[in-house]
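Visitor: Hi! I'm new to looking at proteins in 3D. Could you walk me through this one?

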Amino acid sequence: MQDAFWATIILGVLLIFSQLIRQNVRLFRTLFLPSSLIAGGLALLLGPQILGAAATRVMGEASWLRHGCFPAQTPAIWSSLPGLLISVVFAALLMGKPIPGLKKIWYTAGPQVCFGQMMAWGQYVVGLLLAILVLAPVFGLPEIAGALIEIAFEGGHGTAAGMGQAFHEAGWPAGQDLALGLATVGLVGGVLFGTVLINIAVRRGVIQPGGDAGSMADVKLYSEDVTEDEIRELIRDKERESQPTDPLSLHLGLVAVAIGIGWLVLAGLRWFEAVTWGAPDAQGEVTRVFTHVPLFPMAMIGGVLIQVVFDRLGKSHLISYRLMSRISGAALDFTIVAALGTLSLRAIGDNLAPFLLLAMAGTAWNLFVVIVIAPRIIPTSWFERSIGDFGQSMGVTVTGLLLMRVSDPTNKSGALESFGYKQMLFEPIVGGGLFTGASIGLILALGARTMLGITAAVTIFWLLFGFVAFGRLARQNRLAERDERHRPPASGRP
């Protein structure tokens with residue numbers, strides 16, 4: 001316990017130093033790298049793989065720096081933290097805000113739901129095609145490598161870290177290291193390519209943002225104006241703080257209950273699978289999916305169930321969205337630092353060519369969808385809305401919010417609200433949701449080709465549905481905007 005305590009303290013100290021570095025290095029602010037990513041890089045640099053290996057090479061095995069700057073047992077403790085903390089992240093993710101009805105979500109964010117789902121499922125299609133045609137036959141990688149793009153790009157560092165157990169149970173622990181590396185590439189690439197897309201859109205007159213378009217270093221993610229909802233939330237937080245029990249303790253208790261519910265759901269699904277289709281056949285072979293499903297997507301379902309119960313009882317005001325966001329954010333920061341600090345550089349080096357192919361293929365797909373598909377299925381403000389999904393699909397949700405803020409500083413397009421509602425129908429499924437958690441088990445159980453057929457069918461469904469439901473209006477609006485841009489200025493005569 002003392003070792004775990006000090007290992008956690010070291011993570012906190014690294015986060016403090018990384019925040020100081022970020023404040024003083026403009027490049028990190030321009031790339032919008034989070035402090036947790038910088039801290040993870042510091043942990044890797046000062047750990048046994050880089051500093052420790054260099055010291056051992058220079059001074060021998062007896063060097064006092066052979067384990068880096070940290071105690072010998074610290075990396076082992078860090079390696080076990082992501083699989084635990086990621087359940088806290090997802091349990092608190094959707095708690096604290098009333099869950100709107102499907103009708104309201106669809107009315108506000110229907111086109112963006114289609115677009116985001118198509119982009120996410122398409123990442124499976126691209127990855128599985130690459131795995132079947134190149135990665136497996138040429139490089140000898142397992143076919144579950146086809147899930148890496150969606151896990152890393154759409155899911156981000158947290159999901160990549162949380163899938164470690166699934167990769168280990170599948171017999172390919174290097175998959176987690178590749179996923180974490182891809183998530184880092186996606187995060188940086190999302191900001192860089194997003195900035196380029198915004199500047200191209202400005203030059204072509206697609207958007208007219210105020211200020212210095214494409215400037216990332218000093219952009220604020222949220223408006224400085226305080227809304228009435230935020231004022232009411234602050235008042236409720238003050239009331240909670242006056243209670244005998246600290247509200248943070250109570251909210252941590254709710255997170256614990258959500259994780260417990262998720263564990264029960266997962267255990268029930270595994271038992272049901274074991275006595276039905278997962279029972280051994282005549283040859284003794286077993287085909288199971290839920291054995292490879294991690295806990296964190298089920299913890300998110302537990303959080304949703306708690307929120308629904310509180311909504312139905314009229315007690316939703318007892319759950320603070322701000323506190324839940326802080327709990328989820330803190331757990332995610334520690335998850336990312338611990339996961340990156342124990343990232344295996346050898347695993348990435350041994351699979352460098354597949355790593356680069358996956359990164360390029362995933363980026364190319366995301367760019368294609370934004371440039372070609374988005375204007376054809378999103379009727380209004382297609383760029384402001386699609387650039388948010390692009391940022392999320394390359395890195396994390398905050399990257400999407402950042403790119404939306406740069407392209408539309410005053411939120412005239414309403415993209416922020418649409419993006420938020422879309423998440424309700426998005427995160428429970430992909431991007432770290434149920435299908436993401438089950439993807440490795442499904443590929444093992446069904447085979448990569450069957451999974452390719454399923455994901456391709458879902459991608460085509462969302463594409464066709466978007467064209468049928470919103471394509472005509474999108475085309476009309478696009479033509480009207482083009483005519484407006486090419487209309488000659490008025491002469492001024494009556």
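Visitor: Let's just jump in somewhere. Which helix does Lys-104 lie in?

Guide: Lys-104 is part of helix 6, which covers residues 102–139. Keep in mind as we go that this is a predicted model.

Visitor: Is Lys-104 buried or exposed, or something in between?

Guide: In between: Lys-104 counts as partly exposed, because its relative accessibility is 48% and the exposed class begins over 50%.

Visitor: And how far is Lys-104 from Tyr-421 in space?

Guide: Their C-alpha atoms are 8.5 Å apart, although 317 residues separate Lys-104 and Tyr-421 in sequence.

Visitor: Okay, zooming out. How many helices and strands does the chain have?

Guide: The protein chain has 21 helices and 0 strands.

Visitor: What share of the residues is buried?

Guide: Of the 494 residues in the chain, 49% are buried. The accessible surface of the chain comes to about 23,400 Å², and carbon and sulfur atoms account for 65% of that surface.

Visitor: What about contacts between parts far apart in sequence? How much do they account for?

Guide: Take the contacts with a separation of 6 or more: 78% of them are between residues 24 or more positions apart.

Visitor: Can you show me two helices that meet? At what angle do helix 10 and helix 16 cross?

Guide: Roughly 35°. Helix 10 is residues 174–203, helix 16 is residues 352–377, and their axes come within 10 Å. The crossing is right-handed.

Visitor: Which residues make that contact?

Guide: From helix 10 they include Leu-178, Gly-181 and Phe-193, and from helix 16 they include Phe-355, Thr-363 and Ile-371. By class, the contact has 11 nonpolar residues, 2 polar ones and no charged ones.

Visitor: What comes after helix 16? Where is Ser-381?

Guide: Ser-381 sits in the loop between helix 16 and helix 17. Its phi is near 50°, a positive value in a residue other than glycine. Ser-381 is partly exposed, at 22% relative accessibility.

Visitor: New topic: why is helix 3 described as largely enclosed?

Guide: Helix 3 runs over residues 35–45, and 9 of its 11 residues are buried, so the rest of the structure largely encloses it. Among the buried ones are Ser-35, Leu-37, Gly-40 and Leu-44.

Visitor: Give me one buried residue in detail. What does Thr-455 touch?

Guide: Leaving aside neighbours within four places in sequence, Thr-455 is in contact with Trp-121, Tyr-124, Val-125, Leu-128 and Phe-435. Thr-455 belongs to helix 21, residues 448–486, and is buried, with a relative accessible area of 0%.

Visitor: How about Pro-75, buried or exposed?

Guide: Buried, because its relative accessible area is 17% and the cut-off for buried is under 20%. Pro-75 is in helix 5, residues 74–91. Outside the four places on either side in sequence, Pro-75 is in contact with Pro-48 and Thr-342. Pro-75 and Ala-7 are 68 residues apart in sequence, with 8.1 Å between their C-alpha atoms.

Visitor: Last one. How many disulfides does the structure hold?

Guide: It holds 0 disulfides. As for the cysteines, Cys-114 is buried, with a relative accessible area of 1%, whereas Cys-69 is partly exposed at 47%.

How values were computed
Residues numbered from 1 in each chain as written. Predicted model: local features only at pLDDT ≥ 70, side-chain atom pairs only at ≥ 80, totals over all residues. Heavy atoms only, no water. Helix = DSSP H or I, 4+ residues; strand = E, 2+ residues; numbered from the N terminus. Buried < 20%, exposed > 50% of the residue type's maximum accessible area, 1.4 Å probe, protein only. Contact = heavy atoms within 4.5 Å. Areas by Shrake-Rupley, 256 points an atom, 1.4 Å probe, with all protein chains shown as cover. Axes fitted to C-alpha atoms, helices over the stretch in contact; angles between N-to-C directions. Left-handed = near helix turned anticlockwise from the far one by under 90°. Nonpolar A, V, L, I, M, F, W, Y, C, P; charged D, E, K, R; others polar. Disulfide = S-S within 2.5 Å.
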